[in-house]
Amino acid sequence: MPSSASEPPASQPYDLAVIGAGPAGLAGAVTAAGLGLSVALLDASEHVGGQFYRHPAATLGAVRPEALHHDWAAFAGLRRGLEASGVSHLAGHHVWSVTGQDGDWAVHAVTGSDGGQERPVRVRARALLLATGASERQLPFPGWTLPGVVGAGGAQAMLKSGLVLPGRRVVVAGSGPLLLAVAGSLAAAGARVPAVVEASGYLRYARHPRVLATNPYKLVEAVVHGGALLRHRVRPLPRSAVVAAHGTDRVEAVTVARLDRDWRPVPGSRRRIACDALAVGHGLAPQIDLATALGCATRRTVDATAALVLGDGQETTVSGVWSAGETGGVGGSRLAIVEGELAALAIASRLDGQTELPQSRRAVRLRRGRDRMRAFADAMAAAHAPAPGWTQWLPDDTDVCRCEEVTAGRVREAVTDLGAGDARTVKLLTRAGMGWCQGRMCGAAVACLAARGGGPVPPPAERRPFAVPVTLGALAGLDADAAPGNPTDD
Ligand SMILES: Cc1cc2nc3c(=O)[nH]c(=O)nc-3n(C[C@H](O)[C@H](O)[C@H](O)COP(=O)(O)OP(=O)(O)OC[C@H]3O[C@@H](n4cnc5c(N)ncnc54)[C@H](O)[C@@H]3O)c2cc1C
């Protein structure tokens, strides 16, 4: 267990437990420690950096891991800050639950769950910062379960952390700005990328000229990505979607169709593109299981995901719980860093007995930056929001829930014949979402189908007792009377 200068005495709780060591959690932990708080930073991963700053294991011997990233300097600064901060970084800690109340939280985690012996750990803290990021949203189509079909973010993760490509000829498809970054990285790493297939149109950003003007670095990013695609001769296909993947043992080709404004395939527009991998994702959805289990309220974002309701100081609706980054709505790493810092200021002030939000120049500057970047995030979400017509590329015999092998036809039957009016009832009638991934893959699609074409709608924010899978052995090892304090073996 790493120890640090800011660790409290063994019988005392930390001032702050931060869950998630991505840009938001890192910024929050480093800032809070700088303000004199004792901080525990827990993450399932062995490395800090989260999804954006994923980097290869040292054993892979990457000479320049920063070559796969933009904004690496921001991460390098945070990592240096962490090393000098005295924060207890608890790597490889999978947090499955948080219990307690304002001033006295218990964070329950298991270590060694990737094939090793699971060990339960409990961390006590006076305040909580949830920075658990986002996961990819998938909208199914025939052939989406074939080997060689991977998530767009997943392909990026394979490249950044494993230095491997999902194939030699990779079509990138779905919706959202991540696709451009993924296509650029894959092409730069040597893959042939015949097309980036985007279901929305990029011109929709032009509806928000003021937001664009106040976030010029986003235009720079777009130019950088556009330049990379031009250099590598990647063809952009806006207002189009992959409506089928073909192959026997693995994907060999995809069918791409043009879409109308409602994302309905345009008749007669289908064409086939040969490939040996497809990287596909329809945006990101906040990962908020720990927060909803605590009762934190959620809101519906403009692109139909559920995000946390947050106050001006990043506080959730549950007293003593703050959140930063993608959990409050997907907005990118720079926004995540600003929110993490802002949350830390608010938490330090609250633990110091202040009831008002901090009004220092730093806090005011951060809030302004946060609001400006959140406005861009909303414009981005509106530009790439799925439209209800996507369900027209989903035939009845396609599996929607791949864990429980529930087809679109069975979900439709539950809605039209059995009267299910929401995703939860569909789940009870069909088992869609009851498998290993607990609806993380199929939740968005099932919610849309349950909305009878009126969607897209976010899947219901469920109050699950387990945010990650835990073995019965680890649960049996829990000792309810373990003393509060530093990380303890429960
Ligand atoms: C698969 C994927 C790939 C992405 N690739 C890019 C990219 O290439 N470029 C880009 O600009 N943006 C990318 N993004 C978006 C990126 O996530 C954000 O812009 C940015 O990283 C948000 O920072 P964050 O701190 O909010 O969340 P994240 O960076 O996602 O960090 C969240 C952290 O929380 C940890 N965590 C979550 N739940 C638990 C738990 N229960 N127990 C312990 N730890 C937990 C995770 O391990 C992770 O380290 C990607 C997103 C995803 C989902």
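These are my notebook entries on a predicted model, taken topic by topic.

**Ground rules**

I am working with a predicted model, so local features need pLDDT of at least 70 and side-chain atom pairs count only at pLDDT 80 or more, while totals for chains, interfaces and linings use all residues. Residues are numbered from 1 along each chain as its sequence is written, and side-chain values use heavy atoms, with hydrogens and water left out.

**Entry 1: domains**

I started with the division into domains, whose bounds come from an automatic or database domain assignment. Domain 1 is made of 14-135 + 285-358, domain 2 covers 138-282, and domain 3 covers 394-450. I looked up the separation of domain 1 and domain 3: their centres, taken over C-alpha atoms, are 32 Å apart.

**Entry 2: a sheet of three strands**

For helices and strands I kept to DSSP runs, numbered from the N terminus: helices are H or I with at least four residues, strands are E with at least two. Two strands pair if DSSP finds at least two bridges between them.

I then followed an open sheet of three strands, which run in the order β12-β13-β14 with antiparallel pairing. Its edge strands are β12 (240-247) and β14 (271-274), each of which pairs on one side only. From one strand to the next, the twist averages 30°; the axes behind such angles are lines fitted to C-alpha atoms (for helices, over the stretch in contact), and angles run from 0 to 180 degrees between N-to-C directions. Between β12 and β13 (residues 251-258) I noted seven bridges in the antiparallel sense. One detail for the margin: G247 has V251 in β13 as its bridge partner.

**Entry 3: L284**

Next I went to L284, which sits in strand β16 (residues 284-286). Is L284 buried or exposed, or something in between? My scale is relative accessible area with a 1.4 Å probe and protein chains only: buried is under 20%, exposed is over 50%, and partly exposed is in between. L284 counts as partly exposed, at 24% relative accessibility.

Contact here means heavy atoms within 4.5 Å. Leaving out residues up to four places away in sequence, I found L284 touching A134, S135, E136, R137, L178, T305, E326 and V330. I also checked L284 against G133: 151 residues separate them in sequence, and 9.4 Å in space, C-alpha to C-alpha.

**Entry 4: two helices**

In helix α8 (residues 333-351) I picked out E341. E341 counts as buried because its relative accessibility is 17%. Its contacts, again without residues up to four places away in sequence, are A27, G28, T31, R362 and L366.

In helix α10 (residues 408-416) I listed A408, G409, V411, A414 and V415 as buried. What do these buried residues of α10 pack against? They pack against β20 (399-401), β21 (406-407), α11 (423-430) and α12 (443-450).

**Entry 5: salt bridges**

I counted a salt bridge when a side-chain nitrogen of Lys or Arg is within 4 Å of a carboxyl oxygen of Asp or Glu. By this rule there are 15.

- D104 and R124 meet through their side chains at 3.2 Å, N to O. D104 is in strand β5 (residues 104-111) and R124 in strand β6 (residues 119-130), so I logged a link between distant parts of the chain, 20 residues apart. D104 is partly exposed at 35% relative accessibility, whereas R124 is buried at 14%.
- D312 and R370 meet at 2.7 Å, N to O. D312 lies in the loop between β18 (306-308) and β19 (321-323) and R370 in helix α9 (residues 361-384), so the pair ties together parts 58 residues apart in sequence. D312 is partly exposed at 38%, and R370 is buried at 5%. Both belong to a salt-bridge network with R367 and D371.
- E404 and R431 have their closest N and O atoms 2.8 Å apart. E404 is in the loop between β20 and β21, and R431 is in the loop between α11 and α12, 27 residues away in sequence. I have E404 as partly exposed at 26% and R431 as partly exposed at 42%.

**Entry 6: cysteines**

How many disulfides does the structure hold? I found zero, taking a disulfide as a pair of cysteine sulfur atoms within 2.5 Å. Why is C442 without a bond? The closest cysteine sulfur to that of C442 is in C401, 4.2 Å away, which is too far for a bond. C442 is buried at 3% relative accessibility, and C275 is buried at 6%.
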